[in-house]
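Please describe the fold of this chain for a reader who has not met it before, moving from the whole to one strand and then to the interior.

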Amino acid sequence: MRILFVGDVVGNIGVAMIHEYLPQLKRDLKPQVTIVNGENSTPVGRGISQSIYKQLLKDGADVVTMGNHTWDNAELYDFIGGANRLVRPANFPGDTPGQGWTKVKVNQQTLAVVNMQGRVFMNPMDDPFAKMKTLLPELDTDFIFVDFHAETTSEKRAFAMRYDGQLSAVVGTHTHVQTSDAQVLRGGTAFMTEAGMTGPADSVLGMKADSVIERFENQRPTRYTVQEVGPGLLSGAVIDLNDKTGHATSIKPILISPQHPYQS
């Protein structure tokens, strides 16, 4: 089984990069399941709309994952109940709308796609470590992919190592800068601290640089706005799983940018 995962789609440029390159990636890489994080995909870079959700599916996503900006576009409340391929963090507290995981049939196997959110330097959440433990019997499959949406590298890696051998892959999102540590852990779990973002390349994590620089220089509240012009980038990873064990055999980063043009 081959999984293609694309990191946080940011704003209009990110959606355009998916539209342009995801069909080509799927044609060349031939993944059985394609997962896209869409929590920053609105034009303002926060949340997701129904039209963008449908566009990501049309362009080739089988599952769309979310994160800490899940609820930032109120329109989500109107359609999340019927969005069976949209997955928000499973460890949101209380009676939260939507689903924290879903399953995708791949020939004779079933892949569970789970979204988790970290707690360090993030909004209060239920314990993702404990939530994963309770979920495992319910998922009832050896093929499990987790999009771990978190701020710190240590929390992402600790989660992956805690469930090494029990999960097929753990790939981090949220910090938007792709890391170079893609590896298969000792127990057979593919891990990458951060998949990176898909959005405006000439930006600070997808935002216009001037507003972010002003915040750092003056230490006063500043409204961040999405960079709307210039080249884009697409970041992610491709993961191969053993069809018998569900363990990973490889994980490789994907990066399309002005410095790394796409080569089929």
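The report below takes the chain as a whole, then one strand and its partners, and then the nonpolar interior.

This is a predicted model, in which local features need pLDDT of at least 70 and side-chain atom pairs count only at pLDDT 80 or more, while totals for chains, interfaces and linings use all residues. Residues are numbered from 1 along each chain as its sequence is written, and side-chain values use heavy atoms, with hydrogens and water left out.

The chain holds six helices and 13 strands (DSSP runs, H or I of at least four residues for helices and E of at least two for strands, numbered from the N terminus). Its radius of gyration is 17 Å, close to the 18 Å of the globule rule for 264 residues, so the chain is as compact as a globular protein of that length (taken over C-alpha atoms, the rule being 2.2 Å times the number of residues to the power 0.38). Of the 264 residues, 56% are buried, which here stands for under 20% relative accessible area with a 1.4 Å probe, protein chains only.

Strand β6 (residues 109–117) is mostly covered, with nine of its nine residues buried. Leu 111 and Val 113 are among those that point one way from β6, whereas Ala 112 and Val 114 are among those that point the other way. Its pairings (at least two DSSP bridges between two strands) are set out here.

| Partner of β6 | Sense | Bridges |
|---|---|---|
| β5 (residues 101–106) | antiparallel | six |
| β7 (residues 143–149) | parallel | seven |

Within these pairings, Trp 101 has Val 114 of β6 as its bridge partner, and Leu 111 stands opposite Phe 143 in β7. From β6 the chain crosses through helix α4 (residues 128–139) to β7 in a right-handed β-α-β crossover, that is, the path over the helix runs clockwise with the strands pointing away from the viewer.

The largest nonpolar core (buried Ala, Val, Leu, Ile, Met, Phe, Trp, Tyr and Cys residues joined through side-chain atoms within 4.5 Å) has 31 residues, and Ile 18, Ile 48, Tyr 53, Val 64, Leu 86 and Leu 234 touch the most other members. Helix α1 supplies the largest share of this core, seven residues. Leaving aside neighbours within four places in sequence, Ile 48 is in contact (heavy atoms within 4.5 Å) with residues including Tyr 53, Val 64 and Leu 86. A second, separate core of 23 residues includes Met 1, Ile 3, Ile 35 and Met 192.

Definitions and conventions:
Buried < 20%, exposed > 50% of the residue type's maximum accessible area, 1.4 Å probe, protein only.
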